[in-house]
Amino acid sequence: MTIRPPSRIVRPAATVVAALVLLLLAPRWLDRGTLNDLWSIAFAIVLASAWNILGGFAGQISIGYSAFLGIGAYTTALLSLKGIGPYWTLPLGALLGAAFSYVVGLPTFRLRGPYFTIATIGVSEAIRVYAAGVSYTGGSSGLRMPPGTFDFGRDYAAMMILAAAVVLLSIWIRSSALGKALSAVRQDIDAAEALGVQSTRVKLIAHALSAGIVALAGGLFAINFQYISPGSVFDFRLSLSIVLMPIVGGIGTVAGPILGAIIFSYLQIKLLSTPALRDSYLFLYGGLLMLVMLFEPRGLVGAWQRLQGLMRLPMRRAVPRV
Amino acid sequence: MSDALLIASSITKSFGGLLALNGVSFEVEAGQIFGVIGPNGAGKTTLFSCLVGAARPTSGEIRFLGDRIDGLPNWAVVSRGVVRTHQIVRPFRQMTVRENVSVGAHFGVGRRRGAEAAWRVDSILEKTGLAGRAESLAGTLSIGESKRLEIARALATEPSVLCLDEVMGGLNPSEIQGAMTLIRSLRDSGLTVLLIEHHVHAVVGLSDRILVLNFGEKIAEGNPGVVMSDPAVMSAYLGEDELAGAAS
């Protein structure tokens, strides 16, 4: 019998755990501003890596992930206002996010073609309009968390742990039976079914996992920012960013979404601190996306692998043809 | 009712106005190699699609171990033990050969996990001569290797009925010999094999029974010797004029 090459799981997992320990110790050395930036980067890594479980591994492109972020954020805000400890509300938010993903996926995953993608846009916009229209969500003016629920140290630690957990989950899925089924479905759905893979079922599982994780991140978002509104958590631009990060970094890989998330949040932090460039980040994202699509559809991870490949080849073939 | 393993009764499949299969009936006994031959467009691949649930027959019924399986989705038929390979190979190109075969082991009938799956995958790779290419990406295989990968993946689902759709197409004579040996050994290990094949010598040499289709209809069924000397079969394969010429 063969033993799975340990380097595919053990080494990446050990790296993630080591990074987590460092990040949890970081508040001893770093100032609050830097920690805030780290929180934003970890938040982006959670969103990008979670999206990648369905969009990358299974190839089902959703442009409606702000719906799950919003469901998590509103669940936490509404229940906290009822007097429940905000961290106790997180599992329910995750559960609601996963349940909602099932409602969106069940009718659309059975269809072939772009129906799922189109449905995700419609559903997330519908839920934004709903959240802005009804009274118990505070309408378009949003909700403020009750006083005494803010504790940055706690929220920082929770976000770091969540980010590490999502990356560990991705590493595990990649070499699991579920991961192989998702990859098979992405590459040739009929051939996958011909080997006994229930394509609709594995897509629903991947969707529920990633939606639940994004809803968790939404809950932590509500706790950290203390104020949420349809314009902040159900923003369509947010859904777009969640898609662009893994694509720029390298869709369907574990490292790609992390890389994309770091680059995007770094850009956003820099741009937001420069008033003249405040609103130019979408323009920059669009430019990055076009570059990736034109020159390296496998993203930065793909470009890196190509570079490594070139260095391994004899010199005469490494010289680019002009 | 007959106790045959697989029973197809008057299978009809139409695509719009085109009648791909017209009232085809046959029975396959357990442990047989059952050949399906016929000219291009005779409906052979459509018949396999109907058997495994990739296509739904317009009318007729299919029974496996006495239960109706027509109308079930493809994955459900596979999980009961009827699996097919594809004439035009469909490997998961971005996965290694080992990972391709693992998909069959993880799902299908056995739903094996962990070491048990790995052990089965290894033995199948060995049996199909792919052990040396286990870590290669499936997209880099030659046509002969790709055909063997199709068989290996199907075997990994632990079927009782294996439907092979032209696994010898595009192979050289020595590879065909190898494929024939493999198919015989599968039958000897207890598998029931349905075989679509254009190499008439291979199919006659291997099959216990042969079904001949022409324009979606069954024109003959029986032992290879009897079927191949049937006038209807000869005219379907050679054409009326050639037959007349050969007779004179």
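This tour visits a sheet in chain B, the contact between chains A and B, and a nonpolar core of a predicted model.

**The sheet of chain B**

Begin by selecting chain B and displaying its strands. An open sheet of four strands appears, arranged in the order β2-β1-β4-β5, with antiparallel pairing. Next, colour β2 (18-28) and β5 (67-68) of chain B, which stand at the edges of the sheet. Each of these two has a single partner strand, so one side of each is left without a neighbour in the sheet.

Now select β1 of chain B, residues 6-15. Seven bridges join this strand to β2(B), and the two run antiparallel. For a single position in this pairing, display Ser14(B); opposite this residue, in β2(B), stands Leu19(B).

**Where the chains meet**

Display both chains together. Here 18 residues of chain A are in contact with 27 residues of chain B. On the chain A side, select α7 (177-187) and α8 (189-193), each of which supplies at least two residues of the side that touches chain B. The largest share of that side comes from α7(A), with six residues. Colouring the touching side of chain A by residue class shows nine nonpolar, five polar and four charged residues.

**The largest nonpolar core**

Finally, turn to the largest nonpolar core, which has 157 residues. Select Val46(A), Leu47(A), Ala217(A) and Leu195(B), the residues with the most contacts inside this core. Then select helix α9 of chain A, residues 199-225, which gives the most to the core, with 15 residues. To end, centre the view on Leu47(A): leaving aside residues up to four places away in sequence, Leu47(A) touches Tyr65(A), Val214(A), Ala217(A) and Ile242(A).

How values were computed:
Residues are numbered from 1 along each chain as its sequence is written. Chains are lettered from A and ligands numbered from 1 in the order in which they are written. This is a predicted model: local features need pLDDT of at least 70, side-chain atom pairs count only at pLDDT 80 or more; totals for chains, interfaces and linings use all residues. Two strands pair if DSSP finds at least two bridges between them. Two residues are in contact if their C-beta atoms, placed from the backbone, lie within 7 Å. Ala, Val, Leu, Ile, Met, Phe, Trp, Tyr, Cys and Pro count as nonpolar, Asp, Glu, Lys and Arg as charged, and the others, Gly among them, as polar. A nonpolar core is a set of buried Ala, Val, Leu, Ile, Met, Phe, Trp, Tyr and Cys residues joined through C-beta atoms within 7 Å. A residue is buried if 20 or more other C-beta atoms lie within 10 Å of its own, exposed if 12 or fewer, and partly exposed in between; C-beta atoms are placed from the backbone.
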